[in-house]
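Biologist: I am new to this structure and should be grateful for a close look at one part of it. Please begin from a single contact and work outwards, explaining how each part connects with the next.

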Amino acid sequence: MSSILQLDDTKFWKDGYLILRNLFSPKEFATMRENVFESLKGREQNGEPVVDALADPHLQHWVHDERLVHVAKTLLKGDNLAYFGDGGYAVIGHGYEAGKDVGGWHRDNTDRSDTNAPDWQGRYSLVRFGFYLQDHKARSGGLIVRRDSHNRILRGWKAHLHDRYLNTGIGDVGVWNMRIQHAGLGRCIRGIPGLALGPYLQKRLPQFLQAPFPKEERTGFWISYGLNDQHLERHCQYLLTRSERKVMWSNSHYSEAILDDCRAAGLQVIDMPSRMRAAIAAGEEVGFLKHHRQLAY
C-alpha cells in the first residue's frame, strides 16, 4: 500500500497523469496477463462475445480492486466513484501489428477540441488506468502523453516539448485524466526511455535509434472510472453513439454477485449495457458512429 500512500495528486492535476510505481506485484501482473489471454482465447477459439471488463469472467475482479478504487477516489477527490462499462484490452497480432500500426494523437473525452464545451468547464472527473503487461522501462510499446494538455489545446512543434513516455515496468500502472492528449503504441529513443517519439517522428527516425518493443506480445489492459457527475453523464451519452460500444455492450451482463463486490469496494456501477439495450428496444438510434463526433451543447 506504500504506493497509494505516496500519491502526488498535485502533480496529477498539474501534468494530467501519474506513473504509479510497483502498485501491483510481478506475480499479479503475470496473473493479469494470463487473464487477458484466457479472455482472448475465449473470444477467438470458443466464440465468446466481446464484452467489457466487468462482464468478462476472466477480468471482472480487477475492476473493483481496492487499490484502483482508492487511487481514483483520492485523485478525483470524491466518494461517488463509478465504473461505466469502459474496460478492455488489446494484444499485438490480434487486430494490430507493432511494426505497421502507429498510434495517433487523440483524447478519450467527449469534447476534444472545443474548450468552450462542457467537458472543459472545471476539472474533468474521468480517469483511465493503463496496465502495460510487459516491461517498458527501456522498451517501446507503451503510452505517450502530452503533459498539461488536459488543461489546454497544444499545437505546433512546441507541443512536442510536452511529450512524455510512460516507461512503466512490471507492476507499474499509468493513470491519466481522460481529457489529456495521448498516443498508443508509443516509441522512445534507444537509451533515453523517458524521451517520447510521437507518431510523426516514429515514422521518420531510423529504427536503430528507436528502442525495440518487448519480446513478448505487447498487451495492454485499461479500466476507466469517473465521479458520478455531469461530466460522466455527458460521456455516457456520447458512448451510446459509438458503434464499438453497441457491439460490446449488447453482449455484456453484470451478475448480482459482481455488483455486490463492487458495492463492497465502494464502487458504483452505471449499467451502460442495460441502458444500451433499453435504448435499442425503445427504437432509439444508438451505435451509429464509428469515429468521434462531439455532442451538441
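Over the ring of which residue does the charged end of Arg67 sit, and how far is it from the centre of that ring?

Modeller: The model is a predicted one, and the values that follow are computed from it. The charged end of Arg67 is placed over the ring of Phe24, at 4.0 Å from the ring centre. Phe24 in turn belongs to a cluster in which ring pairs connect it with Phe29, Trp62, Phe131 and Phe221. Two members of that cluster lead to the strands: Phe131 falls within strand 4, which spans residues 126-132, and Phe221 falls within strand 11, residues 219-227.

Strand 11 deserves attention next. Of its 9 residues, 9 are buried, so the strand is largely enclosed by the rest of the structure. Its residues point in two directions: Thr219, Phe221, Ile223, Tyr225 and Leu227 face one way, while Gly220, Trp222, Ser224 and Gly226 face the other way. Both sets are buried. Phe221, the member of the ring cluster, therefore belongs to a strand that is largely enclosed.

The partners of strand 11 can be taken in turn. Strand 2, residues 81-83, runs antiparallel to strand 11 and is joined to it by 2 bridges; here Ala82 stands opposite Gly226. Strand 3 pairs with strand 11 in the antiparallel sense over 5 bridges, and Tyr89 is found opposite Phe221. Strand 4 pairs with strand 11 over 7 bridges, again in the antiparallel sense. In that pairing, Arg128 stands opposite Ser224.

Strand 4 and strand 11 are connected through aromatic side chains as well. The structure has 9 aromatic pairs. One of them is formed by Phe12 and Trp13, whose ring centres are 5.3 Å apart and whose planes make an angle of 80 degrees, so the pair is edge-to-face. Both residues are buried, Phe12 at 1% relative accessibility and Trp13 at 11%. A further pair brings the account back to the strands: the ring centres of Tyr132 and Trp222 are 6.1 Å apart with planes at 75 degrees, so this pair is edge-to-face. Because Tyr132 lies in strand 4 and Trp222 in strand 11, the contact ties together parts that are 90 residues apart in sequence. Tyr132 has a relative accessibility of 1% and counts as buried.

Arg128, which stands opposite Ser224, leads on to the charged side chains. Its side chain meets that of Asp108 in a salt bridge, with N and O 2.8 Å apart. Arg128 is in strand 4, whereas Asp108 is in the loop between strand 3 (87-91) and strand 4, so the bridge ties together parts that are 20 residues apart in sequence. Which side of the 20% cut-off do the two partners fall on? Arg128 has a relative accessibility of 12% and is therefore buried; Asp108, at 10%, is buried too. The two residues are part of a network of salt bridges that includes Asp86, Arg242, Glu244 and Arg245.

The structure holds 17 salt bridges, and two others may be set beside this one. Asp148 bridges to Arg152, with the closest N and O atoms 2.7 Å apart. Asp148 is buried, at 15% relative accessible area, but Arg152 is partly exposed, at 38%. Arg263 and Asp260 form a salt bridge with an N to O distance of 2.5 Å. These two residues are 3 apart in helix 9 (residues 256-264), which means that about one helical turn separates them. Asp260 counts as partly exposed, at 40% relative accessibility.

A second case of a charge over a ring returns the account to its starting theme. Arg204 lies over the face of Tyr200, 3.7 Å from the ring centre.

Finally, a word on the cysteines. The structure contains 0 disulfides. Cys236 is in none, and the nearest cysteine sulfur, that of Cys262, is 15 Å away. Cys236 is buried, at 1% relative accessible area, and Cys188 is buried at 0%.

Note on methods. Residues numbered from 1 in each chain as written. Predicted model: local features only at pLDDT ≥ 70, side-chain atom pairs only at ≥ 80, totals over all residues. Heavy atoms only, no water. Salt bridge = Lys/Arg side-chain N within 4 Å of Asp/Glu carboxyl O. Helix = DSSP H or I, 4+ residues; strand = E, 2+ residues; numbered from the N terminus. Buried < 20%, exposed > 50% of the residue type's maximum accessible area, 1.4 Å probe, protein only. Pairing = 2+ DSSP bridges. Disulfide = S-S within 2.5 Å. Phe/Tyr/Trp six-rings, centres within 6.5 Å; stacked < 30°, edge-to-face > 60°. Lys NZ or Arg CZ within 6 Å of the ring centre and 35° of its normal.
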